[in-house]
Amino acid sequence: MRRHCETLDRESVGDTSAFDLRRKTMFQKLFTATCLLLTLILFGCSDALTATEPTAQPTQAVAQADESTATFEPTATYVLEPTDAPTATPTAAPPTETPAPDATDTPIPSPTNTPTPTATPAPLEFRDRESLDEENRSPFTGEVFESEEIANRRPIICKVSNSPAEYTRPQYGLNSADMVFEHLAEGVTRFSVLMHSQTPERLGPIRSARLIDTYLAEMYDAAFCFSGASIGVSGRLEGSNFRSRLLRSYYEGYFRDETLDVPFEHTMFTEPQLFWEIELEKRELNRAPRSVNQAAFSSEPPEGGEEAEYVSIQYRNWSFVEWEWDDEIGKWIRTVDDEVLTDKNTDEPISADNVLILFVPHFVDRSICDWQLEQIPEPNAHCLAGGLYPDFDGWGDAHLMRDGRHYVGRWESDGENTMLTYYDEDGNALPLQIGNTWVQVLPYSYQQENRMSFER
């Protein structure tokens, strides 16, 4: 292009006048300058075309190769990431499509059951037979009967041996009793066991009757099971108002366990269910008990009393009985001669909800004694069998152990068709805890000799 401009300039100089020459010269200079300007512009455009233009989108980050030579459009905005060393300008990868999140069900929280506060059960209290009958409860324990059949059957009192210990302990079935009466019998103690609410598969060993049983069977409207009696006691039983309810040892319901390594007289046992099902049904005597009064029961301890966790009774020189409160199970546990007594049916410790210690006048009835004239000539003859008895016709001192507390009061009964009832020192009913009861029947001499203790 430059040579083309120079040729035009030489040809124009020879053909013009001086005026024209000057005008042509100015035109040529202007033309030359224009050519030079166009050349510079074309040169600049060609350099610009050789520069690498960035292809990144305005919001895309690219690697910087050489910041001194890169040319950027003024309208583009770039985000540059620095690198440690110059690198070739990469071709930007196409934008990656961001996957849409999978649709998920928003979990609905499960409803939380707010625990309903447990209401404290109202205290139970039964002062008479009518209130017990309204809720179908036992007159002996205050507990609800398991069935109408049990509620409508007759209580049975059975005579259970307690001595000698090596032949008789542990006994069978004592924890199934509603009430157990422990009493004196010629230098030892023996049990009169009242069965009604529960039915042990085995009870015993069964031994001979004593005069106390002529009271208890009438007081509790019970049938009476036993294995023999002295001539005097047997006569009293035969002349009693409950003669028809005597269950002698030759009736069905008794059996001997001759596998035991004990003397023969300690092998007699009973299966009480058979008395209810057979003998009492056959005599038409199997009915609910009747009485003219009723011991009171309450689920909460009465006011008064003192905390007590222990009581002991020293039966002369032959037996030491202890009752200790077990707060974990809420019962009294029985120990005899430093050994926890158990029920052989279950091997569980003998326990009681109530322990009653009754001081009762004791007498010897010599009119029923068997005089041994051949062996002991008069006047040295003396009563050898069956004369001692507690007289329940009246009242006496009573100590009630329940709920880890000790209450002082009195017992009352007229001895016939009236169960034992209990009162505090102010004459108010002294309620038993709902459950089973052990009754320790003691002569007043034991009170005078301090044979009962609340200290270990």
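Me: In this predicted model, how does the lining of the second largest cavity divide by class into nonpolar, polar and charged residues?
Reply: The residues that line the second largest cavity are His183, Leu184, His362, Leu388, Tyr389 and Pro390. Leu, Tyr and Pro count as nonpolar, whereas a residue such as His falls among the polar ones. The lining therefore has four nonpolar, two polar and no charged residues.

Me: Which element gives the largest share of the lining of the second largest cavity?
Reply: Two elements give two or more residues each to this lining, namely β5 (179-185) and β22 (388-390). The cavity that they help to line has a volume of about 30 Å³. The largest share, three residues, comes from β22.

Me: What is the volume of the largest cavity?
Reply: The structure holds two cavities of 30 Å³ or more. The lining of the largest one includes Pro139, Phe140, Met179 and Tyr220. Its residues divide into 10 nonpolar, no polar and no charged. The volume of the largest cavity is about 60 Å³.

Me: Which residue in β26 stands opposite phenylalanine 297?
Reply: Strand β11 covers residues 297-298, and two bridges join β11 to β26. These two strands run parallel. Phe297 and Leu432 are also among the residues that line the largest cavity. The residue opposite phenylalanine 297 is leucine 432.

Me: Which strands stand at the edges of the open sheet that contains β11?
Reply: Three strands form this open sheet, in the order β3-β11-β26, and their pairing is mixed. A strand at an edge has a single partner strand, so one of its sides is left without a neighbour in the sheet. The strands in this position are β3 (125-126) and β26 (432-433).

Me: Which strand gives the most residues to the lining of the second largest pocket?
Reply: The second largest pocket has a volume of about 350 Å³. Of the 22 residues that line this pocket, the closest to its centre are Pro302, Glu303, Tyr407, Asp424 and Leu430. By class, the lining holds eight nonpolar, six polar and eight charged residues. With three residues, the strand that gives the most is β24 (residues 405-413).

Me: How many residues of helix α6 are buried?
Reply: Helix α6 covers residues 212-219 and is mostly covered. Its buried residues include Ile212, Asp213, Glu218 and Met219. The number of buried residues in α6 is eight of eight.

Me: Which residue just after α6 takes a positive phi?
Reply: Helix α6 covers residues 212-219. Just after this helix, one residue has a phi of about 55 degrees. That residue is aspartate 221.

Me: Why does aspartate 353 count as buried?
Reply: Aspartate 353 lies in the loop between β19 (351-352) and β20 (354-359). A residue is buried when its relative accessible area is under 20%. Aspartate 353 meets this cut-off because its relative accessibility is 11%.

Me: Which side chain makes a polar contact with the side chain of aspartate 353?
Reply: Beyond four places in sequence, aspartate 353 touches several residues, among them Gly330, Lys331, Trp332 and Asn436. Its side chain reaches the backbone nitrogen of asparagine 436 at 3.1 Å. The side-chain partner, at 2.8 Å, is lysine 331.

Me: How far is the backbone oxygen of methionine 401 from a polar atom of the side chain of tryptophan 332?
Reply: Tryptophan 332 is found in strand β15 (residues 331-336). This tryptophan is buried, with a relative accessible area of 0%. The backbone oxygen of methionine 401 lies from its polar side-chain atom at a distance of 3.3 Å.

Me: How far apart in space are tryptophan 332 and serine 351, C-alpha to C-alpha?
Reply: In sequence, tryptophan 332 and serine 351 are 19 residues apart. Tryptophan 332 belongs to strand β15. In space, the C-alpha to C-alpha distance between tryptophan 332 and serine 351 is 5.3 Å.

Me: What percentage of the residues in the chain are buried?
Reply: The chain has nine helices and 28 strands. Among its contacts between residues at least 6 apart in sequence, 64% join residues at least 24 apart. Of the 456 residues in the chain, the buried share is 42%.

Notes:
Residues numbered from 1 in each chain as written. Predicted model: local features only at pLDDT ≥ 70, side-chain atom pairs only at ≥ 80, totals over all residues. Heavy atoms only, no water. Pairing = 2+ DSSP bridges. Helix = DSSP H or I, 4+ residues; strand = E, 2+ residues; numbered from the N terminus. 1 Å grid on protein atoms, 1.4 Å probe; cavity = no way out; pocket = protein on both sides within 12 Å on 5 of 7 lines; lining within 4 Å. Points joined across faces, edges and corners; volume = space filled by probe spheres on them. Buried < 20%, exposed > 50% of the residue type's maximum accessible area, 1.4 Å probe, protein only. Polar contact = N/O pair within 3.5 Å; in protein donor to acceptor, adjacent residues only side chain to side chain. Contact = heavy atoms within 4.5 Å.
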